[in-house]
Amino acid sequence: MRTARRPTPADRRTPAAPTAPASPVLLPRRTPPADDGDGDDDDGRPDPVLDVVVPVHNEEKDLERCIRRLHAYLVETFPYSFRITVADNASTDATPRIAARLARELPGTYWIRLAEKGRGRALHTAWSGSRSPVLAYLDVDLSTDLAALLPLVAPLISGHSDLAIGTRLARGSHVVRGPKREIVSRCYNGLLRGTLAVGFSDAQCGFKAVRRDVAERLLPLVEDRGWFFDTELLVIAERAGLRIHEVPVDWVDDPDSRVHIVSTALADLRGMARLGRALAGGRLPLTALRRGGGLERVAELPPGLAGQLLRFAAVGAASTLCHLLLYTALRSFTGAQAANALALLASAVANTAANRRLTFGVRGRHGVLGHQLKGLAAFLVGLALTSGSLAVLDRTAPEAGPGPELLALVLANLAATLLRFLLLRAWVFPGRGARRTRGTSAS
């Protein structure tokens with residue numbers, strides 16, 4: 001019979017203090033192959049695994065620094081063959097000359113020139129002409145830490161996912177940017193979730209990748225050639241049941257960014273409306289895009305969205321009428337602002353109760369208090385809009401009577417109604433507003 005070994009002093013030794021983590025081991029330098037344009041490399045090797053597109057317009061200040069830093073990073077750390085494509089869309093400064101020189105000096109670096117502006121146009125052109133199995137793009141300011149590039153493309157190289165995006169809004173992301181851009185970004189992505197019921201967290205991060213075979217099917221369906229291009233690509237892909245992989249990124253805002261927030265936001269809103277109409281009308285062949293392997297059918301519209309909009313509009317019309325009648329009855333006793341607040345509060349409580357039952361199909365008393373409290377938060381948004389309209393009217397036309405006041409309230413109520421629907425769908429009744437069947441996904 002084997003006897004147990006008696007512990008020795010070495011067995012009772014105090015554990016060693018933890019040591020500092022080892023530095024990452026750099027892979028052998030990867031010199032990208034030269035390409036003679038025949039689809040294969042000069043030594044007979046196939047096209048590079050990854051084609052990284054950098055869309056630029058009048059970027060003479062940052063272009064060389066960006067491309068040299070990206071090229072050095074890929075050569076030293078990236079374990080697959082690669083190509084860098086500078087996609088110049090109608091630059092009028094020295095950008096084309098710098099891009100051409102970099103293409104001569106840095107192996108595996110190329111540039112294309114487009115006669116028209118548009119980031120989406122640049123990406124569409126570059127990706128359509130590439131033969132690499134994985135296509136990516138990043139912004140020229142390199143706001144995203146390049147350490148996220150391999151985690152971004154690895155699921156596409158392995159075949160696990162179809163698209164991949166960097167996200168600044170997920171747990172694990174580290175973001176440095178001003179409050180204005182933070183608010184705009186979160187409002188935009190919240191609007192996407194509320195109107196198009198998307199599941200991905202960050203549509204605007206300039207750090208995305210797609211498999212070429214997937215891009216060949218998606219690109220013909222994407223109409224936008226500006227900033228809405230990649231949002232439209234993602235929405236169509238998600239509705240088709242394709243797998244979208246998300247990577248939390250470290251991201252530092254470029255203070256010299258020349259993106260015009262107002263014009264870009266308006267263009268994005270127009271793009272969302274156009275895409276929503278296309279999805280509602282069934283004009284996109286989503287079935288042909290779906291992954292194989294028994295994936296369950298994905299709803300081509302957020303379930304019940306059309307019906308919800310109709311029911312919400314009916315409830316909203318009744319609530320607006322109720323609000324105006326109460327305001328008219330109370331104004332002579334309490335004054336305009338107090339009458340507006342009381343009338344809006346009463347109609348908001350009734351509106352939440354009616355939408356809870358009729359629009360979103362919630363029955364019973366469970367959760368009713370929470371729903372009403374959240375509904376009151378949405379009421380405060382409407383109160384701010386309507387009270388603000390009355391204050392502006394009073395300042396600009398102090399002698400205006402009840403008629404102009406009612407007109408101002410109607411216009412303010414229209415804006416408040418849209419915001420209220422988005423809040424109800426995305427926040428107050430999220431399970432009822434965005435429920436859908438989804439396949440296994442990394443998103």
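Here is a short walk through the cores, a strand pair and one helix of this predicted model.

Let's start on the inside. The largest nonpolar core has 40 residues, and Trp 127, Leu 163, Phe 200, Leu 218 and Ile 236 have the most contacts inside it. Several helices and strands chip in at least two residues each, among them the ones in this table.

| Element | Residues |
|---|---|
| Helix H3 | 119-129 |
| Strand S4 | 134-138 |
| Strand S5 | 163-167 |
| Helix H5 | 179-196 |
| Helix H6 | 212-218 |
| Helix H7 | 229-239 |
| Helix H8 | 261-280 |
| Helix H9 | 286-289 |

The top giver is H7, with 6 residues in this core.

Now zoom in on Leu 163. Leaving out residues up to four places away in sequence, Leu 163 touches a whole list of others, including Leu 156, Val 214, Leu 218, Leu 233, Leu 234 and Ala 237. Arg 243 and His 245 are also among the residues that Leu 163 touches.

That's not the end of the inside story: a second, separate core has 37 residues, and Val 52, Val 75, Ile 98 and Leu 146 are among them.

Next, a strand pair. Strand S2 (residues 82-89) runs parallel to strand S3 (residues 109-114), and the two pair over 6 bridges. Across this pair, Val 86 stands opposite Trp 111 in S3. To get from S2 to S3, the chain goes through helix H2 (residues 95-105), making a right-handed β-α-β crossover.

Finally, look at helix H11 (residues 336-359). Its buried residues include Ala 339, Ala 343 and Leu 344, but also Asn 340, Asn 351 and Arg 356. Just after H11 comes Gly 361, with a positive phi of about 65 degrees.

How values were computed:
Residues numbered from 1 in each chain as written. Predicted model: local features only at pLDDT ≥ 70, side-chain atom pairs only at ≥ 80, totals over all residues. Heavy atoms only, no water. Core = buried A, V, L, I, M, F, W, Y, C linked by side-chain atoms within 4.5 Å. Buried < 20%, exposed > 50% of the residue type's maximum accessible area, 1.4 Å probe, protein only. Helix = DSSP H or I, 4+ residues; strand = E, 2+ residues; numbered from the N terminus. Contact = heavy atoms within 4.5 Å. Pairing = 2+ DSSP bridges. Right-handed = clockwise from strand over helix to strand, strands pointing away.
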